[in-house]
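Got your viewer open? Load the model, switch to a cartoon view, and follow along one selection at a time.

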Amino acid sequence: MPRPYPGSLIVLEGIDGTGKSTQAKLLAAALREQGHRVALSREPTDGPFGRRLRESATTGRLSPEEELQLFHQDRREHVETLIEPALQGGEIVILDRYYFSSMAYQGIRGFDPQEIRRVSEEFAPPPDLLLLLDLSLDTALARIGVRNGEANEFEQRESLQLCSEIFHSVQDDFVTIIDADQSIDEIHAAILGTVTSLLRKAD
């Protein structure tokens, strides 16, 4: 099917510790060097709904229902103000997390991941490429540590395992799995090769 917009939407996902933010920045820089127009963003955003979500990490976690509602509101605003205009303008949009993270992280709080996806896709365009950074649980735990003593290692491991399973349940054709147990440079090279192939096909 032809894409409904001239731009490309590339999403980086994965459990905590995979280095998504670093890789998103490296990819954006590399594509800009090649002459592409790139919009780099993240979820939660820095908008009003996203700020409330980020602040809740330090001021006290919201109820699961409030949190999910804010994620939907933040994503809707993100789509309307940045994602769709950039795609319509022919830009490459790179996102550090998208609704797949909501499926995983709100999924382990008791919500149906597929329902989260259904609601999100009523207004949020699916990606042209989803780069799923795959990391062993041992490496992830070593990288992120046990944060602020809030969870013991077993609880953290169990949560990460469930999140990983939800991410891997996404079996769409736009998914490419990237081995995140490699070095930063090796991961970047694998990502850039995959993205370059996608952009060639789009031309």
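Before we count anything: helices here are DSSP runs of H or I with at least four residues, strands are E runs of at least two, and both are numbered from the N terminus. This is a predicted model, so keep that in mind as you click around.

**Whole chain.** Start with everything shown. By that count the protein has 8 helices and 5 strands. Walk along from the N terminus and you'll pass them in the order β-α-β-α-α-β-α-α-β-α-α-β-α. The radius of gyration is 17 Å, close to the 17 Å that the globule rule gives for 203 residues, so the protein is as compact as a globular protein of that length. Along its principal axes, the C-alpha trace spans about 50 × 35 × 30 Å.

**The sheet.** Now hide the helices and look at the strands. In what order do the 5 strands sit in the sheet? Reading across, you get 2-3-1-4-5, with parallel pairing in an open sheet. Select residues 38–42 (strand 2) and 175–179 (strand 5): these are the edges, and each has a single partner strand, so one side of each is left without a neighbour in the sheet. Tilt the view to see the twist, which averages 20° from one strand to the next.

Next, zoom in on strand 1 (residues 8–13) and strand 3 (residues 92–96). They pair in the parallel sense over 5 bridges. Show Ile 10 as sticks, and you'll find Ile 94 of strand 3 standing opposite.

**Helices on the sheet.** Bring back helix 3, residues 64–88. Helix 3 lies across strand 1, strand 2 and strand 3, running at about 140° to strand 3. Then add helix 8, which also packs on the sheet: helix 8 touches strand 1, strand 3, strand 4 (129–134) and strand 5, and its direction makes about 165° with that of strand 4.

**Helix 1 against helix 8.** Keep helix 8 (residues 184–202) and add helix 1 (residues 20–33). Their axes come within 10 Å and cross at roughly 50°. That makes helix 1 oblique to helix 8, and the crossing is right-handed. For the side chains, select Thr 22, Gln 23, Leu 26, Leu 27, Ala 30 and Leu 31 in helix 1; they meet a helix 8 set that includes Ile 187, His 188, Ile 191 and Val 195. Colour this contact by class and you get 10 nonpolar, 3 polar and no charged residues.

**Helix 2 against helix 3.** Go back to helix 3 and show helix 2, residues 48–59. Here the axes come within 8 Å and cross at roughly 145°, in a left-handed crossing. Pro 48, Phe 49, Gly 50, Arg 52 and Leu 53 in helix 2 meet helix 3 residues, among them Glu 67, Phe 71, Asp 74 and Glu 77. What does the contact hold, by class? It has 5 nonpolar, 2 polar and 4 charged residues.

**Helix 3 against helix 5.** For the last stop, leave helix 3 on and select helix 5, residues 113–120. The two pack at an angle of about 30°, with their axes 11 Å apart, which makes helix 3 roughly parallel to helix 5. The crossing is right-handed. Show Leu 68, His 72 and Arg 75 in helix 3, then Ile 116, Val 119 and Ser 120 in helix 5, which they meet. By class, that contact has 3 nonpolar, 2 polar and 1 charged residues.

Conventions:
Residues numbered from 1 in each chain as written. Predicted model: local features only at pLDDT ≥ 70, side-chain atom pairs only at ≥ 80, totals over all residues. Heavy atoms only, no water. Axes fitted to C-alpha atoms, helices over the stretch in contact; angles between N-to-C directions. Parallel < 35°, antiparallel > 145°, perpendicular 65-115°, else oblique. Left-handed = near helix turned anticlockwise from the far one by under 90°. Contact = heavy atoms within 4.5 Å. Nonpolar A, V, L, I, M, F, W, Y, C, P; charged D, E, K, R; others polar. Pairing = 2+ DSSP bridges. Rg over C-alpha atoms; globule rule 2.2 N^0.38 Å.
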